[in-house]
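Please open the model in your viewer and keep the selection panel at hand. The tour below goes from one selection to the next.

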Amino acid sequence: MSINAVSLLLEAIFLKAKSLQSLGRLKEAAQSCKVILDTVESSLPGGLPQNFGADCKFTKLHDIVSQSVELLPELWKFADCPHEAILSYRWALLSHWNLDTETTAKIQKEFAVFLLYCGDEASPPDLRFQMDSSFTPKSNLEEAILLLMILLRKVSLKRIEWDPSILDHLSFALSVSGNSRALATQFEELLPGFIDRKERFYKLALCYYGAGEDSVALNLLRKLLGNYMDPMCFPALLMASKICGENRSHAEEGVGFALRALESVDGKCDESKSTATCLLGISLSAHSKSVVTDSERVTRQAKALEALKTAGQLTAMSDPIILYHLSLEYAEQRNLDAALDCAKQMLNLEGGSNIKGWLLLSRILSAQRRFVDAETIIDGALDQTGKWDQGELLRTKAKLQLAEGQFKRAIETYTQLLALLQVQKKNLGYGKKLLKSTRRHLDRSLELEIWHDLAHVYINLSHWSDAEICLFKSKAISTYSAARCHVTGVLYENKGLYKEAVKAFSEALNIDPSHIPSLVSIAVVLNRLGNSETVVKSFLMNALSLDRMNHSAWYNLGLLYKSQGTPSSLSEAAECFEAAVVLEESAPVEPFR
């Protein structure tokens, strides 16, 4: 047959496919379209020649083939045949159809979007398309990311026009996969002019914050919020305040950002105002922990509580995040009844979906010495939580059992938790790279804490060899751990080896100078060894400057004053003992925060 006859025949089949599409007979239309491509591929196994469309007599045939390549995956997609659609997209991109750059880019984008949102997990590309040492996507997400990165590369090389939706879809894909750092690289490599400079800074800050690089994100936000860019950018002010509120050393700066956010939102919706007010409260609360004088700390705490209450009122107490922070602030100020009410209200709003809410509620109940009720709450949370997310819940349950004096049950709970972590390690397969590494890091931290908890249990039971085994296991996870050095010191102290205990506590403080348990413990042992009262007091005051609610530090400071024997020191001792009793009676099994 002549080329003209072939073109007419394939055109007739293509028109038939379009007609069937109009009639809604999509599968038949797809089959007709597939006939065209099968015919061309069988006739030209090596693909269409590079200059196939340049020759006038082949132009019509080339147009029909190009339109069929574009149409086939669309037909399968609308026929609700996702597997066939994916195979058609791959066929279109991996075979040599001599498509122009714009058409190829269009198919790549449509395929990436389909992979991201179709809800049907595809198998990896066929082996015949895989080259040696080339990257092969193992999931829809990886394949979509690869396609979108190829498109961005084409944009950078100016082979195709800039399409902002490409970056939007890539942002979604990399965020879902936990590759925020890789997304930051894409924004950094994007040529100037494609996105606004302010938008670039803000999105880069989001990426670095998502990647856990808070200081980098904060520096970017500082530049964005400088006088020469956009000092009143509301989203950036909120984000900056949030980052600062999570770090005590930046809390005062966070207060400033939150106040500027409130200024910029003046007269706008209550939701925006409530968010800014909540962040103001969080920053004030964090800042109150770093102030020197008690009067200033009380003032900051009162302002923090007032800000959080205002944020709650603006949302009619219907925002679970605000309620969580309000409950947390009440709990830390030892207004446990109010904290309990807020925590219950938060859990009702969330339907028990947030583990942090369950943990906070159980810790508040433990501070009220309602250990049985707290354990019941944890059991309820365990019933509603997936197995991989039960770690913190099980650890809190073990702590509650220890508080009730049920050492055997606590050891069994810790053993169950260790077994869960071991199974979890083996089930971490490929997938979301950063989320996987983050999960592994959290699991290692949790395992480390479990071995330390168990060591404390065995020390209390005078099972020295078992405690030493736990510390050996801990050292295998992390060689440099202030907590492990502290537990080692406690073990020496209980054995009566006070000099070795001091050495272990000193090592802990070399690793982490702000490790509060080690500050208190070294003060106790030094006092027992007859060291200078000034040195002992400096350690205890340092601990209290970091945590004013530490009942052990207050108690030992009281003992120090009592040993001095003067009327003024006895009065100071009485106040310290009173504070220690009040704080111990309202201390949770684990810190509220």
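Rings of Phe, Tyr and Trp (its six-membered ring) count as a pair if their centres lie within 6.5 Å, and planes under 30 degrees apart are called stacked, over 60 edge-to-face and the rest tilted. The model is predicted, so local features need pLDDT of at least 70 and side-chain atom pairs count only at pLDDT 80 or more, while totals for chains, interfaces and linings use all residues. Residues are numbered from 1 along each chain as its sequence is written, and side-chain values use heavy atoms, with hydrogens and water left out.

Begin by selecting Y89, F111 and F114, which ring pairs link into a cluster. Within the whole structure, a search finds six aromatic pairs. The rings of Y89 and F114 have centres 6.1 Å apart and planes at 40 degrees, so this pair is tilted. Y89 is buried (under 20% relative accessible area; exposed is over 50%, partly exposed in between, with a 1.4 Å probe and protein chains only), its value being 0%, and F114 is also buried, at 12%.

Next, select W91 and W97, an edge-to-face pair with 5.8 Å from centre to centre and 70 degrees between the planes; both W91 and W97 are buried.

Finally, move to helix α23 (residues 482–495) and helix α24 (residues 498–511), where helices are DSSP runs of H or I with at least four residues, numbered from the N terminus. Their axes, lines fitted to C-alpha atoms over the stretch in contact (heavy atoms within 4.5 Å), come within 8 Å and cross at roughly 170 degrees, on a scale from 0 to 180 degrees between N-to-C directions. Helices α23 and α24 are therefore roughly antiparallel, a term for angles over 145 degrees. Among the contacting residues to display are H486 and Y492 in α23 and F505 and I511 in α24.

Definitions and conventions: Helix = DSSP H or I, 4+ residues; strand = E, 2+ residues; numbered from the N terminus. Parallel < 35°, antiparallel > 145°, perpendicular 65-115°, else oblique.
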